[in-house]
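Below are my comments on the model you sent. They start with overall composition and then turn to individual residues.

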Amino acid sequence: MQSTLYIPAGKYLITGTLNLASCFMYVRVYGDGDSSIIHWAADVTLFKVAKNMSTNLVMDNFQVISTSAKSSLSYAVETQDCDYCKFRDLYIHQPMSSYGVGGCTHAVGGGLALRGLLNTVLIDNVFMLGIQGKAIELGRSLTAVWVSNSRLSGCFQNNLYTKMSQDSVGIHITGSLANMRIDNTQLEWFQNCSLIDSSLSVGGANVPVIFTGCTFYFCGRGIAIEQISVVLISNVNMAWGDIAGIEVNGDSRVTVTGGQIS
């Protein structure tokens with residue numbers, strides 16, 4: 001069985017949560033690109049995907065604009081146990097007119113919260129602007145999870161070095177892993193651009209988290225590692241951070257090749 005939600009070119013005001021609650025083997029939510037615009041008006045999660053729906057889930061080709069300030073608990077998308085999920089060509093942001101020296105007056109709470117078990121997840125060409133909480137939260141992966149060709153931006157206020165939220169995170173890896181890659185992605189204006197709780201696999205083996213060709217700007221910490229982890233960092237550039245480029249708090253192994261930290 002399959003279910004499709006098509007968002008034609010136009011503007012749509014959403015004042016509550018869109019619950020995808022029935023059981024289908026394939027679900028796609030898609031639009032016509034930048035001309036398909038959802039105005040996210042309420043301080044609640046926009047799309048909430050039930051556990052039995054998160055199989056072959058595809059979301060692509062539409063915009064979400066936050067038209068009111070959100071708490072960090074309100075996400076654009078929340079899923080539980082995501083199995084073969086793809087998020088591509090999405091633009092999740094606050095109105096450009098509210099961004100700047102005055103802070104994020106219509107801040108997006110969170111972007112994608114993919115909790116529970118993850119089995120083959122792709123996040124590609126996703127642009128988020130004005131995130132107050134977590135741009136991407138990832139649970140435990142059984143197979144590969146990729147984040148690629150994306151730009152994730154947090155909030156700031158008053159001046160370039162004051163973050164809107166001290167708890168903001170660009171990519172938060174919360175659980176054990178099988179294979180995790182972040183490629184060619186820019187993260188900026190977060191307290192932690194990347195936060196890794198642990199890279200231990202579900203079976204107990206230690207598998208690497210791989211960063212390649214990424215940039216980190218104006219972050220408190222570029223990459224913060226909290227628990228036992230293996231992290232491979234290649235050709236990553238970090239600049240204008242105010243705490244640490246790479247911070248290792250656990251008994252971890254970190255390999256850095258190429259790139260620059262300034």
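1. Burial. Of the 262 residues in the protein, 53% are buried. Please keep in mind throughout that this is a predicted model.

2. Surface. The protein exposes about 10400 Å², and 52% of that area is supplied by carbon and sulfur atoms.

3. Secondary structure and contacts. The assignment gives 24 strands and zero helices. Counting contacts between residues at least 6 apart in sequence, 72% join residues at least 24 apart.

4. Disulfides overall. How many disulfides does a search of the whole structure find? The search returns two, and points 5 and 6 take them in turn.

5. Cysteine 82 and cysteine 85. These two residues are joined by a disulfide with an S to S distance of 2.0 Å. The angle about the S-S bond is -120°, and the link between cysteine 82 and cysteine 85 is left-handed. Both cysteine 82 and cysteine 85 are buried.

6. Cysteine 193 and cysteine 219. The S to S distance in the disulfide between cysteine 193 and cysteine 219 is 1.7 Å. This pair links distant parts of the chain, with the two positions 26 residues apart in numbering terms: cysteine 193 sits in strand β16 (residues 192-196), and cysteine 219 in the loop between β18 (215-217) and β19 (221-225). Cysteine 193 has 0% relative accessibility and therefore counts as buried. Cysteine 219 is buried too, at a relative accessible area of 3%.

7. Cysteine 214. Is cysteine 214 buried or exposed? Its relative accessibility is 1%, so cysteine 214 counts as buried.

8. Aspartate 81. This residue is not a glycine, yet its phi is positive, at about 60°. Aspartate 81 belongs to strand β8, which covers residues 75-93. Its relative accessible area is 18%, and because the cut-off for buried is under 20%, aspartate 81 falls in the buried class.

9. Tryptophan 240. Here again a residue that is not a glycine has a positive phi, of about 60°. Where does tryptophan 240 lie? It is in the loop between β21 (237-239) and β22 (244-248). Tryptophan 240 has a relative accessible area of 47%; exposed would require over 50%, so the residue is classed as partly exposed.

10. Points to look at in the viewer. I would list the S to S distance of 1.7 Å between cysteine 193 and cysteine 219, the positive phi of aspartate 81 and the positive phi of tryptophan 240.

Terms used. Residues numbered from 1 in each chain as written. Predicted model: local features only at pLDDT ≥ 70, side-chain atom pairs only at ≥ 80, totals over all residues. Heavy atoms only, no water. Helix = DSSP H or I, 4+ residues; strand = E, 2+ residues; numbered from the N terminus. Buried < 20%, exposed > 50% of the residue type's maximum accessible area, 1.4 Å probe, protein only. Contact = heavy atoms within 4.5 Å. Areas by Shrake-Rupley, 256 points an atom, 1.4 Å probe, with all protein chains shown as cover. Disulfide = S-S within 2.5 Å.
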